[in-house]
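Trainee: Could you take one part of this model and walk me through it slowly? I'd like to see how you reason about a single helix and what surrounds it.

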Amino acid sequence: MIEFRGVSKTYPGSSRPVVNDLSFEVLDGEICVLVGPSGCGKTTSMRMVNRLIEPSEGEILIDGEPNTAMSGTKLRRHIGYAIQQIGLFPHRTIADNIATVPQLLEWRKDRITARVDELLELVGLDPGQYRDRYPAELSGGQQQRVGVARAMAADPPIMLMDEPFGAVDPITRNRLQDEFLRIQGEIKKTIVFVTHDIDEAIKMGDKIAILKEGGILAQYDTPENILAAPNSEFVSSFVGADRVLKRLSLLHVSDIELEPPNGAGDRLPRLSERMNLKDALSELIGADAERAVVVSDAEDRVRGTLSIETIRRLSHQAETKQRDE
Amino acid sequence: MSSFMGCLIALQNLGPKTFDWNWISSNLTDEIIPAVIGHIYLSFVSVAIALLISLPTGILVSRYRKAYPPVTFITGVLYSIPSLALFALLVTVPGIGLGPRAVIIALVAYSLLVLIRNVVAGMDSVPEETKDAARGMGLTSRQILFRVELPLALPVIVAGARIATVTVIGIATIGAYISGGGLGELIFTGISRNFPTRVIVGAVLATLLAILADLSLLALERYLRPWARARRA
């Protein structure tokens, strides 16, 4: 668990803090996304976790221990670090890049080799093909995969990721996000993830911390709750006017109770049960239909039907529930 | 420059039988080869000492930027002193006097500007995000310097060493004027004895030496950048 306790950062010679009295907790195995406009201190906050920046006030606890209990370099070797510009070592092969921290921790050679291959497989790069290449020979998306693999190399319980998928085109970014969520489902790291993109925050975060200019925490909650009940004008304008649709995108057709097929005609549009509700709604409106048949992906079996009315009801229920809480 | 002048003088005296091939074979071991070795020694020692000074200076200057202008100023002034004048000045300094020592000091002085500039340029060429990633993964400042910054800066530093070496090999010929030895010796005695063969042999060998040094350092530069080779492939 990572715990921010009254953390502030003011740079010397400046009267205004860049991070202002930040307090929140990141639970084990959760992705906490720090999001906000530029100048909100999100990267600064992240960099204080592994002490690339030291706070002016307050402290950060990791599993109950202040992060100042050990030297900065030792601390950093036990926290994964991935950044937008990736920062691969251009003079080292992909294998050597990934092996950076294990080498610092003086792992045995065969253990490092095995780990490098395992990680390359994990991020979807064929070890035989990429192990001995140099970063310049890889595409941007491949480099970001290597950057993430390098951050995971020594299997650190905590990872810091500063826009780790920022330097690629939207399609590649989407795929990298999906792949990373799949990986996270297996490895369950405690992650502080920085982005300026609210959609990425909603997609990646178990919790979202929305920061505003001057490094003030505006709201800290799950994506669902923030979308359902933004606590201020700032948060609601930051998440956008389409927050209802964004919340629908968090729900999948397979998550909800469908209505029985009732021998519904072949004339109805068909939806995959893996779709999210926002896309499902879009399909329904696009097909000018009130109702669609939901089919399972694998066997193309009819699961039930879904109506616009159901989506409306679900959306409304969630909203009222949030307000009452 | 001096080799070039030597050639000009020799060319003026060219006539039938100007070039004495026999002189080469009879003086190869006791004059020509020692002159070549002496020349290599002068140049190599000078560049080596200059590198020993420039590397730490350049690294420090790249960290403490305020020191860069004064360092460039001082080395720039040294670089702008005419070589003959510098040799003459050094000879008058007590404890230096005539001989290779004065030559080496002058050659070191000439190399500093180019070398320090290239060390700084090399250090500057290391991407900020590469250093940030290194620090974020827990490398110490020393590890970042030796494992990241210097390897990445090295090709630029070697490029500087190339320029310095070629310059030094040229200027070293003038060193013979103050008894520094090397190929300049052949040229100067050739001129004073009006014996063009010596001048031509000295000038040609000095030129060959410069070209050879340039090519081998170019090869080294390439070798130190395997990742750039890979990109081209």
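Mentor: Start with the residues of α5(A) that are tucked away: Ile112(A), Val116(A), Leu119(A) and Leu120(A) are buried. Look down the axis of α5(A) and those buried residues fall within an arc of 100°, so they line one face of the helix. Keep in mind that this is a predicted model. Now turn to the other side of α5(A), where Asp110(A), Arg111(A), Ala114(A) and Glu121(A) are exposed.

You can check the helix's length too. α5(A) covers residues 109-122, which is 14 residues, and at 1.5 Å a residue they should span 20 Å. The C-alpha atoms at its ends are 20 Å apart, so the two agree. Just after the helix comes Gly124(A), with a positive phi near 80°.

What sits over the buried residues of α5(A)? The cover includes α3 (94-98), α4 (100-104), α6 (127-130) and α7 (140-152) of chain A.

Let's follow one of those, α7(A). Its 13 residues should span 18 Å at 1.5 Å a residue, and its end C-alpha atoms are 19 Å apart, which agrees. Here 10 of the 13 residues are buried, so α7(A) is largely enclosed by the rest of the structure. Don't expect just greasy names in that list: among the buried residues are Gln143(A), Gln144(A), Arg145(A) and Arg150(A), along with Val146(A), Val148(A) and Met152(A). As for their neighbours, the buried residues of α7(A) pack against β6 (79-83), α3, α4, α5, β7 (158-162) and α8 (170-187) of chain A. So you meet α5 again, this time from the side of α7(A).

Two of those neighbours, β6 and α4, also turn up where the chains meet. The contact takes 21 residues from chain A and 16 residues from chain B. On the side of chain A that touches chain B, α2 (72-77), β6 and α4 each supply at least two residues. α2(A) gives the most, with four residues. Sorted by class, that side of chain A has 10 nonpolar, six polar and five charged residues.

And the partner across the contact? Chain B has 10 helices and zero strands. Its C-alpha trace spans about 70 × 50 × 25 Å along the principal axes, and 40% of its 233 residues count as buried. Among contacts in chain B with a separation of 6 or more, 75% are between residues 24 or more positions apart.

Terms used. Residues numbered from 1 in each chain as written. Chains lettered and ligands numbered in written order. Predicted model: local features only at pLDDT ≥ 70, side-chain atom pairs only at ≥ 80, totals over all residues. Expected span 1.5 Å × (residues − 1). Buried ≥ 20, exposed ≤ 12 C-beta atoms within 10 Å, placed from the backbone. Arc of directions from axis to C-beta. Contact = placed C-beta atoms within 7 Å. Nonpolar A, V, L, I, M, F, W, Y, C, P; charged D, E, K, R; others polar.
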